[in-house]
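Hi,

Here is the structure we talked about handing over. Please open it first, then read my notes underneath.

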Amino acid sequence: MALAQFLCELDQLGREAQAVFTAASDIEALEAARIQFLGMKAGLLKAAQKGLGLVDKADKPSAGQRFNQVKQQIEADLQEAQARLAGNGSAPVDGPRFDPTVPGEAPRLGHLHPITQTIEELKDLMGRLGFTAVEGPEVEDEWHNFEALNIPLEHPARNPLDNFYLATAQRLGGAADEKGLLLRSQTSTVQIRVMETTPPPVRIISLGRVYRPDDADATHYPMFHQIEGLLVDRGITMADLKSVLRLFAKSFFQDDVHIRFRPSFFPFTEPSVEVDMSWQGRWIEMGGAGMVDPNVFRAVGYDPEEFTGFAFGLGIERVCARRHNVTDIREFYKNDVRFLQQF
Ligand code: PHE
């Protein structure tokens, strides 16, 4: 065979290989192309090598040299294509390999936790009833968590086993009037903080975490969230309390929800009630409420002869569970995406 013809076919082969490698849109296509050109048994380059044996003897050295060059070039082109498909090549993304009609891969977006969603909704709803949202600290002193709320030292609610104390007054090494610290067991602390710094009238809600050493079960958890409401003005009565809670329940659940009051006792309200809501043909307890005890008004410097008010505290987990028919509040804390993504 004439040298010129051999070289011409060889160059043609090199260009073809490059074109086919470049066009390969995935690893499988590229592997097929590799076998087509560089396959050990029936590859096109192997066939070209046979042609090398047919060129004139005198031309063999230059033909062989050229054959090796082309072979190296083809191998280099293959490597470049492999790198491109492995994602670290710098090949352009336009051209025939990009198919704009293939549906995109939507990124998975998260969303707010159901408890946070409930808190935001409660703020909105109570905001429309004229209640301003305020916050208080989760680490509280005994004055705000107990004493100002008419819970004296000998009251069982102050039992160390029923609270997460961080430091007792003695351990703080302080004076007799210094107060111990604990994780607040209720949001009623915020009532005191607001009334200490604001003259009446007051119309606030406070939402946040509270802590009690309860065993976790379907309706209890050592940490949970409460919404506290407080309204103080002239001439406020129990009827106002009930209308606000009814309005709240009807707007939040948007169905035929009923509420009922059961007589109860809290040191900081008088009279006091438990608030139940209807759910699946039963009554479930949502929290407590009542008319602010005159002793609480005295503790914050309000005149109980001039002002009256109501307060309520509801468990947000229970409100949220009832809304979504969740039967075990522990689900809210497992961080299981299969549960959370349903909200
Ligand atoms: N703080 C009470 C509790 O945690 C609830 C409550 C709030 C009761 C306000 C009356 C008034 O159980």
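**Salt bridges, domains and a small sheet**

The side chains of Glu331 and Lys334 form a salt bridge, at 3.5 Å from N to O. Glu331 is partly exposed, with 25% relative accessibility. Lys334 is exposed, at 51%. That puts Lys334 just past the cut-off, because exposed means over 50% relative accessible area. Keep in mind that this is a predicted model.

How many salt bridges are there? The count is 15.

**The Arg260 network**

Four residues are linked in a network of salt bridges: Arg260, Arg262, Asp276 and Glu285. Here are two of the pairs.

Start with Arg260 and Asp276. Their side chains meet at 2.9 Å, N to O. The pair links distant parts of the chain, with the two positions 16 residues apart in numbering. Arg260 belongs to strand β7 (residues 259-266), and Asp276 to strand β8 (residues 269-279). Is Asp276 buried or exposed? Asp276 is buried, with a relative accessible area of 2%. Its partner Arg260 is partly exposed, at 30% relative accessibility. The two get separate labels because buried means under 20% and partly exposed starts above that range.

Now Glu285 and Arg262. This salt bridge has an N to O distance of 3.9 Å. The count still includes the pair, because the rule accepts a nitrogen within 4 Å of a carboxyl oxygen. Again, distant parts of the chain are linked: Glu285 sits in strand β9 (residues 282-292), Arg262 in strand β7, and they are 23 residues apart. Both ends are partly exposed: Glu285 has 36% relative accessibility, and Arg262 has a relative accessible area of 30%.

**Domains**

Where do the domains lie? Domain 1 covers 3-87, and domain 2 covers 116-340. Their centres, taken over C-alpha atoms, are 80 Å apart.

**The three-stranded sheet**

There is also an open sheet of three strands. The order is β2-β4-β3, and the pairing is antiparallel. Which strands are at the edges? They are β2 (139-141) and β3 (165-167), and each pairs on one side only. On average, neighbouring strands in this sheet are turned by 35° against each other, direction ignored.

Look at β3 and β4 (residues 181-183) together. They run antiparallel and are joined by two bridges. Tyr165 stands opposite Leu182 in β4.

Best wishes

Methods
Residues are numbered from 1 along each chain as its sequence is written. This is a predicted model: local features need pLDDT of at least 70, side-chain atom pairs count only at pLDDT 80 or more; totals for chains, interfaces and linings use all residues. Side-chain values use heavy atoms; hydrogens and water are left out. Domain bounds come from an automatic or database domain assignment. Helices (H or I, at least four residues) and strands (E, at least two) are DSSP runs, numbered from the N terminus. Buried means under 20% relative accessible area, exposed over 50%, partly exposed in between (1.4 Å probe, protein chains only). Two strands pair if DSSP finds at least two bridges between them. Axes are lines fitted to C-alpha atoms, for helices over the stretch in contact, and angles run from 0 to 180 degrees between N-to-C directions.
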